[in-house]
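Thanks for coming. I have one structure to go through today, and I will keep to helix packing, backbone angles and a handful of single residues.

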Amino acid sequence: MLPNSLYKEYFVRTLSIPARTSAELTQRLCEVATPHEDYQAALVGLHKAFASLPDELLQQLFHFARDPASPGIMLLEGLPLDAELPATPIEAQAQQGSIAVIAEKSLLGLAQLLGTPVGYLSEKEGNLVHHVVPMQGGEYTQSNRGSKVFLSYHNDSMYDTSGIFNSHNPDFLLLLCLRADGAGEAKTMYADARQVTAKLSKETYDVLRQPRFRMAAPSNYTLLIRQAGGSEKIWSHPVPILSGPQELPEIYIAANGVDAIDEQAGEALHQLLDACQIVGEQHAVHLRPGQALLINNRKGVHARTQFSAQYNGRDRWLLRANIRTSLWNIRDRATAQALVFA
């Protein structure tokens, strides 16, 4: 095992918004502009609304978002949702516009306590709010559309012409549950790199820090390429899986596939994924309505178990936001639309 003085047994910490505070927050959210109609006005109003949360709660959220040594995952419960939710969307076009206005406001308000919510053209057409639901035809994909396969440990990444797919990706992910899966099968798991590396031999650790792995571009991007008549998969330049200081490492694994360049790298990848599974099982969360999972997309990797989808309007339904702590170093991908990047 590798020594790590900043390593701790990080389990999912749960914070709660008191019921009275949640009711007051709901009232404030009702007074804010609808996000899809005017994102700029909505974000200002939502920032003010969430700044009214209790100081102790804000301090915990700021610590999570700003301290390099803080845990990589947190659960917040008691977030306002719509009094009546429509059916879970089952078609891609149903994800356009605001169909759960209060929940979307909760998502974007909370996101601004971590950083800036952003959209990417290759993900949900650049929307700041993503409706994560099982989709017919995508059941077996390594993507948020899947349901019938284990979604492997990964970071959310974005295709980039530089051949490095984790250079412009989100720093944080935010998942807000509107409707849980009926059977309680869907669990999101998180493997903190500090815990994972503590379970690896020095030899394996050293291999993982070398550029001996190629990462597949995200499945949603390759789907667009296939639809345009392109190749099945697009691979990155050779990159390491682990980087940064040993005590505060960054980890990067692509959901859509990792190609180990040689046999030793392949064995190291196998050992890493075994360690991720051991750690991730300690951090398994079955999200319930009103709960938000805050995920650091650099400190660790996340996964999701398979679950049953019925496509009957009652399936699992999450909202997702991609969050960046700085937009300056992704300015080369800026578009004419504010907060949306190529």
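I will start with the helices, then turn to two unusual phi values, and finish with four residues and their surroundings. Please keep in mind that this is a predicted model.

Helix packing, then. Two packed helices are described by the angle between their axes and the distance between the axes. There are two pairs to look at, and I take them in turn.

The pair to begin with is α1, residues 19–30, and α2, residues 39–50. Their axes are 10 Å apart, and the packing angle is about 160°. The cut-off for roughly antiparallel is over 145 degrees, so α1 and α2 are roughly antiparallel to each other. The crossing of α1 and α2 is right-handed. Which residues in α1 and α2 meet? From α1 we have L25, R28 and L29, and from α2 we have L46, A49 and F50. Sorted by class, that contact of α1 with α2 has five nonpolar residues, one charged residue and no polar ones.

Now α2 with α4. Here the axes come within 8 Å, and they cross at roughly 70°. The range for roughly perpendicular is 65 to 115 degrees, so α2 and α4 are roughly perpendicular to each other. α2 passes α4 in a right-handed crossing. On the α2 side the contact residues are Y39, L43, L46, H47 and F50. On the α4 side they are K105, S106, L108, G109, L110, Q112 and L113. By class, the contact of α2 with α4 has seven nonpolar, four polar and one charged residues. Note that L46 and F50 of α2 appear in the contact with α1 and also in the contact with α4.

A word on α4 itself, residues 101–114. Does its length fit what a helix should give, or depart from it? At 1.5 Å a residue, its 14 residues should span 20 Å, and the end C-alpha atoms are 21 Å apart, which agrees. As for burial, α4 is mostly covered, with 13 of its 14 residues buried.

Staying in α4, take A103, which is located in that helix. A103 counts as buried because its relative accessibility is 0%. Leaving out residues up to four places away in sequence, A103 touches P80, L81, D82, L176, L178 and L319. For a longer distance, A103 and D315 are 212 residues apart in sequence, and their C-alpha atoms are 17 Å apart in space.

Next, the backbone. Most residues other than glycine have a negative phi, and most peptide bonds are trans. I have two residues with a positive phi to show.

One is K124, which has a positive phi of about 55° although it is not a glycine. K124 sits in the loop between β3, 116–120, and β4, 130–132. Is K124 buried or exposed? Its relative accessible area is 19%, and buried means under 20%, so K124 is buried.

The other is L339, with a positive phi of about 70°, and L339 is not a glycine either. L339 lies in the loop between β14, 317–324, and β15, 340–341. L339 is buried as well, with a relative accessible area of 17%.

In that loop between β14 and β15 we also find S326. S326 is partly exposed, at a relative accessible area of 30%. S326 and D171 are 155 residues apart along the chain, and their C-alpha atoms are separated by 8.9 Å.

Moving into strand β14, we come to R320. Buried or exposed, for an arginine in this strand? R320 counts as buried, because its relative accessibility is 7%. R320 has a long list of contacts, again without residues up to four places away in sequence. Among them are L107, E123, D156, L174 and L175. K124, with the positive phi of about 55°, is also touched by R320, and so is H130. R320 and H130 are 190 residues apart in sequence, yet 4.9 Å apart in space, C-alpha to C-alpha.

Last, P245, in the loop between β9, 242–243, and β10, 250–251. P245 counts as exposed, at 52% relative accessibility. P245 and R179 are 66 residues apart along the chain, and their C-alpha atoms are separated by 39 Å.

That is the end of my part.

Terms used. Residues are numbered from 1 along each chain as its sequence is written. This is a predicted model: local features need pLDDT of at least 70, side-chain atom pairs count only at pLDDT 80 or more; totals for chains, interfaces and linings use all residues. Side-chain values use heavy atoms; hydrogens and water are left out. Axes are lines fitted to C-alpha atoms, for helices over the stretch in contact, and angles run from 0 to 180 degrees between N-to-C directions. Helices (H or I, at least four residues) and strands (E, at least two) are DSSP runs, numbered from the N terminus. Angles under 35 degrees count as roughly parallel, over 145 as roughly antiparallel, 65 to 115 as roughly perpendicular and the rest as oblique. A crossing is left-handed if the near helix is turned anticlockwise from the far one by less than a right angle, and right-handed if clockwise. Contact means heavy atoms within 4.5 Å. Ala, Val, Leu, Ile, Met, Phe, Trp, Tyr, Cys and Pro count as nonpolar, Asp, Glu, Lys and Arg as charged, and the others, Gly among them, as polar. The expected span of a helix is 1.5 Å times one less than its number of residues. Buried means under 20% relative accessible area, exposed over 50%, partly exposed in between (1.4 Å probe, protein chains only).
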